[in-house]
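Work through the exercises below with the sequence and the model open. Try each task before reading its solution.

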Amino acid sequence: MSTDTKNELVIVRILNAPRAKVWRACSEVEGLRQWWGMPSDATMLSPTVDFRVGGIFHFQVERPLGQGLWIKCVYKEIVEGKRLVMEQNYSDAQGRELNTADRPVSTITLTLEDLGEKTKLTVVHTDMASRAVPIHLFKQGWGESLDRLVESLKRG
Amino acid sequence: MVEHHAQLDLVFGSLADATRRDILRRVAKKDLSVGELASSYDISFAAVSKHLAVLEKARLVTKRREGKLQIAALAPGALNDASKHLERYRDIWESRLDRLEKYLEKQG
């Protein structure tokens with residue numbers, strides 16, 4: 001997981017349902033179809049789910065985000081009922097990856113925690129590649145002068 | 001990913017030059033005309049234009065025309081695209097989780 005918080009989005013939601021039920025909603029196509037679509041107001045088109053490590057969750061994105069654009073999530077880690085890690089790719093209908101600078105590959109981690117009748121769901125979305133200048137690449141690959149440049153630009 | 005790496009090569013290539021780093025630093029603070037930039041350095045207007053073209057190609061700087069002036073500005077998101085992508089994801093996730101809540105509720 002990235003240590004650069006700029007490249008990581010964390011969202012926590014307390015859900016009014018037991019963990020097993022939330023897990024089903026996150027792992028079965030019937031549930032995912034109801035809520036995982038994107039962008040915000042779109043219904044998910046033609047979802048398929050092969051729920052196993054290495055398996056694929058594939059669906060079409062509605063306009064306006066992009067007609068004919070599909071999302072292909074590859075399951076990287078599954079801890080039954082508790083934790084789910086997937087790599088999100090932009091793709092076509094055949095599952096060929098179409099990641100670009102503006103539509104980069106990213107990693108999604110869902111963690112479910114028991115709170116009695118409720119469940120704490122934590123979403124971590126990590127950007128693996130971004131367009132122009134990922135700050136951490138600056139810092140790793142380049143000398144002090146670039147560090148100073150980035151700092152000065154941030155100060156504006 | 002190839003496209004992404006090519007883009008990074010352009011960015012790093014463009015920043016390998018001290019003058020260009022300085023130009024970027026200046027336009028990050030304030031939009032500047034090519035003439036203003038040229039007067040800051042001991043180089044010609046044409047040389048500054050060349051440096052700007054390199055920064056423009058790397059999508060770090062944009063250029064626009066205002067009357068007779070060419071104005072250089074920091075490209076939107078030149079240095080914080082990562083967080084921009086993530087902000088886009090934030091909206092997506094908030095609405096997803098709203099729908100998830102409703103779905104769980106409906107199931108009883």
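## Exercise 1: Contact range and composition

Among contacts in chain A between residues at least 6 apart in sequence, 40% join residues at least 24 apart. The model is predicted.

**Task.** Find the corresponding percentage for chain B, then set out the burial and exposed area of each chain.

**Solution.**
Step 1. In chain B, 44% of the contacts between residues at least 6 apart in sequence join residues at least 24 apart.
Step 2. Chain A has 156 residues, and 50% of them are buried. Chain B has 108 residues, of which 44% count as buried.
Step 3. The exposed area of chain A is about 7400 Å², with 48% from carbon and sulfur atoms. For chain B the area is about 5700 Å², and carbon and sulfur atoms supply 53% of that.

## Exercise 2: The sheet of chain A

**Task.** List the elements of chain A from the N terminus on. Then give the strand order of the open sheet and say which strands stand at the edges.

**Solution.**
Step 1. Chain A holds 4 helices and 7 strands. Their succession is β-α-α-β-β-β-β-β-β-α-α.
Step 2. The 7 strands form an open sheet with antiparallel pairing, in the order 1-7-6-5-4-3-2.
Step 3. The edges belong to strand 1 (8-15) and strand 2 (45-49) of chain A. Each has a single partner strand, so one side of each lacks a neighbour in the sheet.
Step 4. From one strand to the next, the twist averages 15°.
Step 5. Take one pairing in detail. Strand 3 (residues 56-60) and strand 4 (residues 70-79) of chain A pair in the antiparallel sense over 5 bridges. Gln60(A) has Trp70(A) in strand 4 as its bridge partner.
Step 6. Add the helix. Helix 1 (residues 19-27) of chain A lies across strands 1, 2, 4, 5, 6 and 7 of chain A. The angle between helix 1 and strand 6 (106-115) of chain A is about 160°.

## Exercise 3: A polar side chain in strand 5

**Task.** Is Asn89(A) buried or exposed? Which side chains make polar contacts with the side chain of Asn89(A)?

**Solution.**
Step 1. Asn89(A) sits in strand 5 of chain A.
Step 2. The cut-off for buried is under 20% relative accessible area. Asn89(A) has 0% relative accessibility, so Asn89(A) counts as buried.
Step 3. The Asn89(A) side chain makes a polar contact with the Glu87(A) side chain at 3.2 Å. Another polar contact joins the side chains of Asn89(A) and Asn99(A) at 2.9 Å.
Step 4. Now leave aside neighbours within four places in sequence. The contacts of Asn89(A) then include Trp70(A), Ile71(A), Lys72(A) and Val74(A). Glu97(A), Asn99(A) and Val105(A) are also in contact with Asn89(A).

## Exercise 4: Cysteines and disulfides

**Task.** How many disulfides does a search of the whole structure find? Are Cys26(A) and Cys73(A) buried or exposed?

**Solution.**
Step 1. A disulfide is a covalent bond between the sulfur atoms of two cysteines.
Step 2. The search over all chains finds 0 disulfides.
Step 3. Cys26(A) has 1% relative accessibility and therefore counts as buried. Cys73(A), at 0%, also counts as buried.

## Exercise 5: The sheet and helices of chain B

**Task.** What is the strand order in the open sheet of chain B? Where does Ile23(B) sit, and which residues is Ile23(B) in contact with?

**Solution.**
Step 1. Chain B has 5 helices and 3 strands, running α-α-β-α-α-β-β-α from the N terminus on.
Step 2. The 3 strands make an open antiparallel sheet in the order 1-3-2. Strand 1 (32-33) and strand 2 of chain B are at the edges, each with a single partner strand, so one side of each is left without a neighbour in the sheet.
Step 3. Strand 2 (residues 61-66) and strand 3 (residues 69-74) of chain B pair over 6 bridges. Val61(B) stands opposite Leu74(B). These two strands form a hairpin with 2 residues between them. Gly67(B), in the turn, has a positive phi of about 60°.
Step 4. Strand 1 of chain B is joined to strand 3 of chain B by 2 bridges. Here Leu32(B) has Ala72(B) as its bridge partner.
Step 5. Helix 2 of chain B lies across strands 1, 2 and 3 of chain B, at about 90° to strand 3.
Step 6. Ile23(B) is in helix 2 (residues 18-29) of chain B, and counts as buried at 0% relative accessibility. Beyond its neighbours within four places in sequence, Ile23(B) is in contact with Leu37(B), Tyr41(B), His51(B), Leu52(B) and Leu55(B).

Note on methods
Residues numbered from 1 in each chain as written. Chains lettered and ligands numbered in written order. Predicted model: local features only at pLDDT ≥ 70, side-chain atom pairs only at ≥ 80, totals over all residues. Heavy atoms only, no water. Pairing = 2+ DSSP bridges. Axes fitted to C-alpha atoms, helices over the stretch in contact; angles between N-to-C directions. Contact = heavy atoms within 4.5 Å. Buried < 20%, exposed > 50% of the residue type's maximum accessible area, 1.4 Å probe, protein only. Areas by Shrake-Rupley, 256 points an atom, 1.4 Å probe, with all protein chains shown as cover. Disulfide = S-S within 2.5 Å. Polar contact = N/O pair within 3.5 Å; in protein donor to acceptor, adjacent residues only side chain to side chain.
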